Amino acid sequence: MTQDYKATLNLPDTSFPMKASLPMREPERLRQWQDMDLYAQVRQARQGAKRFVLHDGPPYANGDIHIGHAVNKILKDIIVRSRTQGGWDAPYVPGWDCHGLPIELNVEKKVGKPDVKVSSAEFRRLCREYAQSQVNKQSADFQRLGVLGDWQHPYLTMNPAQEADIVRSLGTLIKRGHVQKGLKPVHWCLDCASALAEAEVEYQDRTSPAIDVAFTVCDTDELMRRCGSLTWTGQAALVIWTTTPWTLPANQAVCVHPEISYVLVDTGERVLVLAKSLHEAALLRYGLTGQVLAEVTGRELEGLSLNHPWDSRRVPVIVGEHVTEDAGTGCVHTAPAHGQEDYAVGLVYHLPVDNPVDADGRFHASVPLLGGQQVFKANAVIIELLKEHGVLLSHQPLVHSYPHCWRHKTPVIFRATPQWFISMQQSGLRDAALTAIDQVDWVPDWGQARIRGMVEQRPDWCISRQRTWGVPLPLFVHRELGHWHPDTPALIEKIAERIELEGMDAWFASEDHVWLGDEALQYERVKDTLDVWFDSGVTHACVLDRRPDLGSPADLYLEGSDQHRGWFQSSLLSSVGMTGHAPFRQVLTHGFTVDGQGRKMAKSLGNVIAPQKVWDSLGADVLRLWVAATDYRGEMSVSDEILSRAADAYRRIRNTLRYLLANLNDFSPERDALPAESMLALDRWVVDRAAQLQTEICAAYDDYQFHVIYHRLHNFCTVDLGGFYLDIIKDRQYTMQADSQARRSAQTAQWHIAEAMVRWMAPILCFTADEAWGFLPGSRTASVHTSMWYEGLTRLPEHSSQEVLSLEFWDDLIKLKSIVNKQLEGARVEQGMGSGLSASVDLYVSPAWKQRLMLLGDELRFVLITSAVNLHEVPEGQDQEVTGIRAVVNPSQYTKCVRCWHYVADVGQHEQHPELCSRCVANIEGVGEVRRFA
């Protein structure tokens, strides 16, 4: 009858559960963090350390968080936690953008428009309540992701103190000469009935009517004189090409490039003036042929007078560098009220900025033939007008990229209205911003060229909005002269102080005489609100400079790549305008999420991955692992299948850590840990490997290379530990005497690895690492998140006199083990052999290899996990496989030891333990086995 020797084995045991049950355990741990105020404990642990400030770009307080939000906040949390782990004081203050149209629209759905069913003051109160409800909801979800921060004291752009500081920031920009009023064309959303910021415009394909229109020359003789001795009879015309027929009522000129060559083409009916490089394609569109009569430059056409296509007025030919030969005719219809480049060239020629379109996108009633019509519907009417006047040469539909409102997804128009602007030129803001860009570290580095190009080309920043829910633009403008009040800076500070005490209605509900006294009748109050991008853009002043736990400039801004034209730019311009320098030292951008096929996520495609669904099914740590594993510099693919693979990788990492903990069930570091010089060679090697890996992981965290960390950690668990070290030490761990040097050596190594590994995991797998922290032996702090990188790892000596302590030696043994494993696997298939312990291996090796392998003696079989290894010397180059080794596997001829499962000759030689080998007998009754290497 077989005796049960299980009680004599040191089997692994731990309460750290194999099944993670993250959807259940993570909320419990989150409550623990909240109850213990973990964020405050982390701050206390790093008090006095060098500070690292990541400034949170505020999400908009409206709607559920989506997978893009999750990516953004998880990346920020990984960075903050890793900096904390590295010994930095890294505070994280979350924030929200709380003003603006989307919140207004949601409130309008419930109570109607302001000053209709409810007062403006009541409407603003309801907007504030709605925004706060959204902040609370999103805050709970961000915390569920494991994001650690000062959630009890976030920054909100609707806090009265911050609203006051937003107003103060405007005052600073005014004092520094960057703010001006102007009648300029701005992107105008017909649904919002308001101006849009650059970042609120997105481009989508749209089909527009592309038309070619003849502007007849008033004085044909003058054109002939400019062409030398050329003469002809009949009409001459410059031909424009446009995709916005509705802007023709506002036409004030036709623009040509001064250096482009233009040809005069006689088509029989009239002479057409077209760019030389485009005239053949244009004639083809018109179905005409013609003879080139003359060639002139654009400069020679400047000053000619043309007839408006149907109006009785005349318009000039002007020149501008923005005209191109990419398409059309080389002659550009110019309406300063409806285009930025048109406006800029119009300033040079003092052209009127005539805007015949109202806020709803309809022509004013006074506009002949078009009064009251919506601009896009008026296209058809204008095309018929052009036909009637005989000036329409071509009309074709064109699919092209066109600006749309990012909220309503509807096409916008350029419309000149009186607005307030931060000027890019007036006080040198553009040049100063470009200089500041070059002083910032952009990650990835293409971000520098991207934002530089945008700042070089951007128009003035329109900061005024015609909204109810927003920070006021508290200015007074002289009713007759148009300039603002001479005491504007002092007035702004006075208004800001009241807003800080009483909220925005301190301005909106006040009478003008409260601020101006007897001068009130001379000045008109500006009723606009500030652009919400201004609100968030000045958080460097309203948050970083205001909070003693932060400070400006921030070390890092991190947002999606779309923010080069959004928050990064509004922050940069406002900070440079206010302080002369950028608000950040480093800017990091991440890509957008797409599905497994690279498609943009959309409800209509059914490919949306909701973070709430992921943490309810797989857990937040799996979602965090996917974020870390993905190279965020490009598009980030996510799908159920991809997340399933992340869950598999998570289980591999968790189970590896669990096995380490289970092997430490009777280990006390204070009592049992061995110094490096007393540890076995294999154990010293694996600790060295962990030390080397920790250097790589810390560097990757510092460089924001999180996918590198994922691959290094997963590979360490799978290859170095699972595929080599942990397999080899099982025999020593389980069968040797509990307190033997060899077993305590293995436990010491595993303890060092577990201590280090749980910290490596902590910034990414924040819940799991903190859970495992409590199962590690030895005294420690309440949470892994107050700890620092583990300092107990030791490297092998670089120049060791013992070859078995060299990295190369163990790296070669890994290769050797791979060769043997391949043969063992073949034997299992072909010979029906069981585990490697049922095999005897014959190794045919070179003399040099034999000499090295003999260093291990009988312990070579423990490395290869076989019951016997026989070395045979073969001359160099004779029938050897990889690395000069050939392995032959045969079933062992001996009996299996029921305790250690090795097949050895001495099983049965002990009378009291007839089923054991002598090694096991010594381990349970004698002085115990001795190991030196493995």
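These exercises work through a helix pair, a sheet with its covering helix, and the nonpolar cores of a predicted model.

**Exercise 1. A helix pair**

Describe how α20 and α26 pack, and classify the angle between them.

Solution.
- Step 1. Locate the helices. α20 covers residues 620-629, and α26 covers residues 766-773.
- Step 2. Take the geometry. The axes lie 7 Å apart, at an angle of about 120°.
- Step 3. Classify. Angles of 65 to 115 degrees count as roughly perpendicular, and those over 145 as roughly antiparallel. The pair α20 and α26 is therefore oblique.
- Step 4. List the residues that meet. α20 brings A620, D621 and R624; α26 brings C766, F767 and T768.
- Step 5. Sort them. Three residues of this contact are nonpolar, two are charged and one is polar.

**Exercise 2. An open sheet**

Give the strand order of the sheet that holds β8, and name its edge strands.

Solution.
- Step 1. Order the strands. The open sheet has four, arranged β12-β13-β8-β14, with mixed pairing.
- Step 2. Find the edges. β12 (305-307) and β14 (331-334) each pair on one side only.
- Step 3. Add the twist. On average, neighbouring strands are turned by 35° against each other, direction ignored.
- Step 4. Look at one pair. β8 (residues 253-256) and β13 (residues 314-319) run parallel and are joined by three bridges. C255 has I318 in β13 as its bridge partner.

**Exercise 3. The helix on the sheet**

Which strands does α9 lie across, and which of its residues are buried?

Solution.
- Step 1. Place the helix. α9 (residues 340-349) lies across β8, β13 and β14. Its direction is about 100° to β13.
- Step 2. Pick out the buried residues of α9: D342, Y343, V345 and G346.
- Step 3. Find their partners. These buried residues pack against β8, β13 and β14, and also against β4 (179-189).
- Step 4. Check what follows the helix. H350 comes after α9 and has a positive phi, near 55°.

**Exercise 4. The cores**

Which residues touch the most other members of the largest nonpolar core, and which helix gives the most to it?

Solution.
- Step 1. Name the residues. In this core of 211 residues, they are W626, W760 and L843.
- Step 2. Name the helix. α24 (residues 706-735) gives the most, with 13 residues.
- Step 3. Follow W626. Beyond its neighbours within four places in sequence, W626 contacts I67, V71, T593, M636, S637, V638, I642, L643 and A646.
- Step 4. Separate the other core. Another core, of 70 residues, lies apart from the largest one; L223, W246, V254 and W310 are among its members.

Key
Residues are numbered from 1 along each chain as its sequence is written. This is a predicted model: local features need pLDDT of at least 70, side-chain atom pairs count only at pLDDT 80 or more; totals for chains, interfaces and linings use all residues. Side-chain values use heavy atoms; hydrogens and water are left out. Axes are lines fitted to C-alpha atoms, for helices over the stretch in contact, and angles run from 0 to 180 degrees between N-to-C directions. Helices (H or I, at least four residues) and strands (E, at least two) are DSSP runs, numbered from the N terminus. Angles under 35 degrees count as roughly parallel, over 145 as roughly antiparallel, 65 to 115 as roughly perpendicular and the rest as oblique. Contact means heavy atoms within 4.5 Å. Ala, Val, Leu, Ile, Met, Phe, Trp, Tyr, Cys and Pro count as nonpolar, Asp, Glu, Lys and Arg as charged, and the others, Gly among them, as polar. Two strands pair if DSSP finds at least two bridges between them. A nonpolar core is a set of buried Ala, Val, Leu, Ile, Met, Phe, Trp, Tyr and Cys residues joined through side-chain atoms within 4.5 Å. Buried means under 20% relative accessible area, exposed over 50%, partly exposed in between (1.4 Å probe, protein chains only).
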